[in-house]
Amino acid sequence: MMETIEQPITMLGIGTAVPAHKLDQLDTAQRLAEALRETPDAARWARRLFKQCGVQTRYTCEPALLEPAERNRYFAQLSGLAVPATSERMANYKQASVPLALRAASAALSDARISPSELTHLVTVSCTGQYLPGLDTVLAKQLGLQDSVNRIPLNFVGCAAGLKAIGMARDIVSGQPEAAVLVVCVELCTLHIQPSAEKEALFGASFFGDGASACVIGAEAGDGRDAFELGRPSSALLPEGENEMVWEVGDHGFDLYLSSRIPALIGRYLPERLASFLGEKDSQPDIWAIHPGGKGILDALESELGLEDMHTGYSRGVLRDFGNMSSATLLFVLDAIRKAKRDENAARSEGICLAFGPGLSAEMLPIVYRPGEQAAIRSQTLHGVKGEIEPIDEAQLASHV
């Protein structure tokens, strides 16, 4: 799966952040149903959709979304209040995106044990807001990056953009081994909730959340910590998907259309592309870091690829607790996997990252989880020969700390 390279290219640190305001799924569904009481069929559809989409909680930067239905500008069917225009939503995006992105970026830099002045490249990712000077410029100044840092904005690419950016960063380091790349994704999806009883609008409102994530990618740190090593990325445009995922600028935010065919199309066409990408293997990857674009996508991949909960559980957990945060979501999944591997004192294991976006596009990136030196010794010592439990040699363990 991984090509042989002299020096591994590694995800040195990960950081995540969410806004302060939490949306409880049942409460939100109830308030939306109240707003739709004049259209009972839509109210019933909303309740069922919110219950079945795999989300329990999400986060939002917009406290107005927590207002009761009769005072909620985003539920204008009942309140009769003026619906926020796109310009107002973009102003909210500009105000909220920077502090959220800064929190995630600072956490990633701290986790990577790298100084902002050491960064050579900054890749910023977002599809839920736009303004100039952009997020890349603001972050570079507020993080204290060198004025020569190479800034690469990746805008309006959708859910797959987070993994696309990670692959781009990996390729940068492949060509420039001295490079250190900071990737920052920030998405404020809930700003685009629409005051509509249409099924497409209700579907989009049911599972998207706000969040930011970041990672630092560079050559092997050599400090004995656990990390993900990154293989060569690949992209594929799947057949029949051109019009199945549409994201356009409207008068009241961005208008989203997600076809109900998306899970079936991914299930039909991805396995062949993935098999070609992975090559001949005796077994499936151990790690599946899948962008949880929706419960239906995870269900389809389980069915078509023979995956089990041990493979998709991390993605389902992120979807349950945070919703789909578009491009920012995959790093939440990778962070959850890394934490679990640490807790388990897991051995080296191979994996694959997957994300999907408009087109219908699929991004693929092979990874290897490499345990830290202490965890590797502990794992070997605990399991011993033929799986027998042996006592830990604390002197040997200490010598590798």
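Analyst: A helix, as the term is used here, is a DSSP run of H or I with at least four residues, and helices are numbered from the N terminus. The model under discussion is predicted.

User: How many cavities of 30 Å³ or more does a search of the whole structure find?

Analyst: The search covers the whole structure and applies a lower limit of 30 Å³. The number of cavities it finds is two.

User: Which residues lie closest to the centre of the largest cavity?

Analyst: The largest cavity holds about 90 Å³ of space. Its lining has 13 residues. The closest to the centre are Thr28, Phe50, Phe75, Ile193 and Ala205.

User: Which helix gives the most residues to the lining of the largest cavity?

Analyst: Two helices, α1 (25–35) and α7 (199–207), each supply at least two residues of this lining. With three residues, the one that gives the most is α1.

User: By class, how many residues in the lining of the largest cavity are charged?

Analyst: Eight residues of this lining are nonpolar and three are polar. Asp, Glu, Lys and Arg count as charged, and the number of charged residues in the lining is two.

User: How many charged residues line the second largest cavity?

Analyst: The second largest cavity has about 40 Å³ of space. Its lining includes Glu220, Asp223, Arg225, Asp226 and Arg370, and residue types Asp, Glu, Lys and Arg count as charged. Beside three nonpolar residues and one polar residue, the charged residues number five.

User: What is the bridge partner of Trp247 in β11?

Analyst: Strands β10 (residues 245–250) and β11 (residues 253–258) run antiparallel and are joined by six bridges. They form a hairpin with two residues between them. Within this pairing, the partner of Trp247 is Leu256.

User: Is the aromatic pair of Phe207 and Phe208 stacked or edge-to-face?

Analyst: The structure holds eight aromatic pairs. In the pair of Phe207 and Phe208, the rings lie 4.6 Å apart, centre to centre, with 25° between the planes. Planes under 30 degrees apart count as stacked, so this pair is stacked.

User: Is Phe208 buried or exposed?

Analyst: Buried means under 20% relative accessible area. Its partner Phe207 has 3% relative accessibility and therefore counts as buried. At 10% relative accessibility, Phe208 is also buried.

User: What angle lies between the planes of Phe322 and Phe332?

Analyst: These two rings form a tilted pair at 5.1 Å centre to centre, and the angle between their planes is 55°. The pair links distant parts of the chain, with Phe322 in helix α10 (residues 309–322) and Phe332 in helix α11 (residues 329–344), 10 residues apart. The angle asked for is 55°.

User: Which residue does the cluster of ring pairs hold in addition to Phe322 and Phe332?

Analyst: Phe322 has a relative accessible area of 21% and so is partly exposed, whereas Phe332, at 7%, counts as buried. Ring pairs link both of them into a cluster with Tyr59.

User: How far does α11 reach from its first C-alpha to its last?

Analyst: Helix α11 has 16 residues, and at 1.5 Å a residue the expected reach is 22 Å. The value in the model is close to this, at 23 Å.

User: Which residue just after α11 takes a positive phi?

Analyst: Within α11 the buried residues include Leu334, Ile337, Arg338 and Lys341. An α-helix has 3.6 residues a turn, so residues three or four places apart point the same way. Just after the helix, phi is positive, about 50°, at Asn345.

Notes. Residues are numbered from 1 along each chain as its sequence is written. This is a predicted model: local features need pLDDT of at least 70, side-chain atom pairs count only at pLDDT 80 or more; totals for chains, interfaces and linings use all residues. Side-chain values use heavy atoms; hydrogens and water are left out. On a 1 Å grid over the protein atoms alone, a cavity is a set of points where a 1.4 Å probe fits but cannot get out, and a pocket is an open set with protein on both sides within 12 Å along at least five of seven lines; lining residues have an atom within 4 Å of a point. Grid points are joined across faces, edges and corners, and a volume is the space filled by probe spheres set on the points. Two strands pair if DSSP finds at least two bridges between them. Rings of Phe, Tyr and Trp (its six-membered ring) pair if their centres lie within 6.5 Å; planes under 30 degrees apart count as stacked, over 60 as edge-to-face and the rest as tilted. Buried means under 20% relative accessible area, exposed over 50%, partly exposed in between (1.4 Å probe, protein chains only). The expected span of a helix is 1.5 Å times one less than its number of residues.
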